[in-house]
Amino acid sequence: MTGNQGNHGNHRDKTISRRRALAVTGGTVAAGGLVAAGFQSASADTADTADTADTADTTATATSTSGECMTLMTSVTEGPYYLDGALVRKDITEGKAGVPLTLRLTVVDATDGCTPVSGAAVEIWHCDAWGYYSGYTTANPGGSAPAESEEGDSANDLTYLRGYQVANANGVVKFETIFPGWYTPRTCHIHVKVHTGGEKEDGTYEGGKVNYTGQLFFADDIAEEIFTLDPYAKHTGSYTVLADDMVYDGGGAASGLLTLKAVHKKDPSKGYKGSLTLGVDPDAEDTGGGGGGGGTPPSDAPTGAPPSDAPSDSASPSASASS
């Protein structure tokens, strides 16, 4: 699956050059959450983390190789598939089949020397191996894909591939999930939000504010190899590479590109470990005005009903067109 899905150059964010310049020079942290760090934990795949900030971590990273705290792009769109009320949990698969992915993210304060943000809540959500999102299981992922295995009203009460983790003392969260699939016209990606000021309550995260909304991306060669494997191979069609994606701006780690390490070098089906450091301004609030270049979601998406207990004012699709 190496075909490109159209040319989305006209959708590109016009502030890419400025964002890249900020990432290279260290920049400043702007209101609304200029976030994420373009550096990597030295042992990102050796330490674990629990649901709360009480768990100690053996590795703390606060500076880049140049000794500076490097900030990343401004927030981008949350897309049309966001649902409020995700569960606080490490394993978000809910039995979904796919290539295992261990995701390790480190949250640091980009305004204070990249000190760890203990207690920050990191929320992620992404599609399954065939391009379906929980809560929106009737949305067509494009190309030719099997029908979502769950049918009926109960399908839209599922919460697979969504969840929170609360950062430990070193700002670290860790998720067990699967490698995302794809849907037209997007490249392979994971959505992410960073929250601060709230509390874990009854298995969910409540209150506080969103400091950052963004997306995490995967190298084309790795994604395309994964998509030749089952169950991904059952979804056929034109896959959008990074260069043609409407959100990814080509900035590498400074644009959310994950560092990936294969669990087994000769067998990609064994899984990957992905990592990135997110440098946030804990005092900033993302009001939902993130960029990312426009574009449209799948032609009939999303038509599924949100989970029955989700707040009605935040369970509906985002007004933003980009997914």
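In what order do the elements of the protein chain run from the N terminus on? In this predicted model, the answer reads α-β-β-β-β-β-β-β-α-β-β-α. That comes to three helices and nine strands.

Some whole-chain numbers help set the scene. The protein chain has 323 residues, and 54% of them count as buried. Its exposed surface is about 12400 Å², with carbon and sulfur atoms supplying 49% of that area. As for contacts, take those between residues at least 6 apart in sequence: 82% of them join residues at least 24 apart.

Next comes the interior. In soluble globular proteins, nonpolar side chains tend to be buried together. Here, the largest nonpolar core has 40 residues, and the ones with the most contacts inside it are Leu-105, Ile-124, Phe-179 and Phe-227. Quite a few elements chip in with at least two residues each: the strands β1 (100–109), β3 (121–125), β5 (172–178), β6 (189–201), β7 (204–217) and β9 (272–280), plus the helix α2 (220–226). Another core, of 15 residues, lies apart from this one, and its members include Ala-86, Cys-127, Ala-139 and Val-166.

Strand β3 deserves a closer look. Five of its five residues are buried, and the cover extends to both faces. On one side sit Ala-121, Glu-123 and Trp-125, on the other Val-122 and Ile-124, and all of these are buried. Ile-124 also turns up among the residues with the most contacts inside the largest nonpolar core.

Which strands does β3 pair with? One is β4 (residues 162–166), joined to β3 in the antiparallel sense over five bridges. Within that pairing, Ala-121 stands opposite Val-166, a residue that belongs to the 15-residue core. The other pairing is with β6, again antiparallel and over five bridges. There, Val-122 of β3 stands opposite Val-194.

The loop between β6 and β7 offers a contrast to the buried strand. Asp-202 is found in this loop. Is Asp-202 buried or exposed? Asp-202 counts as exposed because its relative accessibility is 76%, and the cut-off for that label is over 50%. Asp-202 also has a sequence-distant companion in Val-88: the two are 114 residues apart in sequence, yet their C-alpha atoms are 9.0 Å apart in space.

Technical notes:
Residues are numbered from 1 along each chain as its sequence is written. This is a predicted model: local features need pLDDT of at least 70, side-chain atom pairs count only at pLDDT 80 or more; totals for chains, interfaces and linings use all residues. Side-chain values use heavy atoms; hydrogens and water are left out. Helices (H or I, at least four residues) and strands (E, at least two) are DSSP runs, numbered from the N terminus. Buried means under 20% relative accessible area, exposed over 50%, partly exposed in between (1.4 Å probe, protein chains only). Contact means heavy atoms within 4.5 Å. Accessible areas come from the Shrake-Rupley method with a 1.4 Å probe; for residues, only the protein chains shown count as cover. A nonpolar core is a set of buried Ala, Val, Leu, Ile, Met, Phe, Trp, Tyr and Cys residues joined through side-chain atoms within 4.5 Å. Two strands pair if DSSP finds at least two bridges between them.
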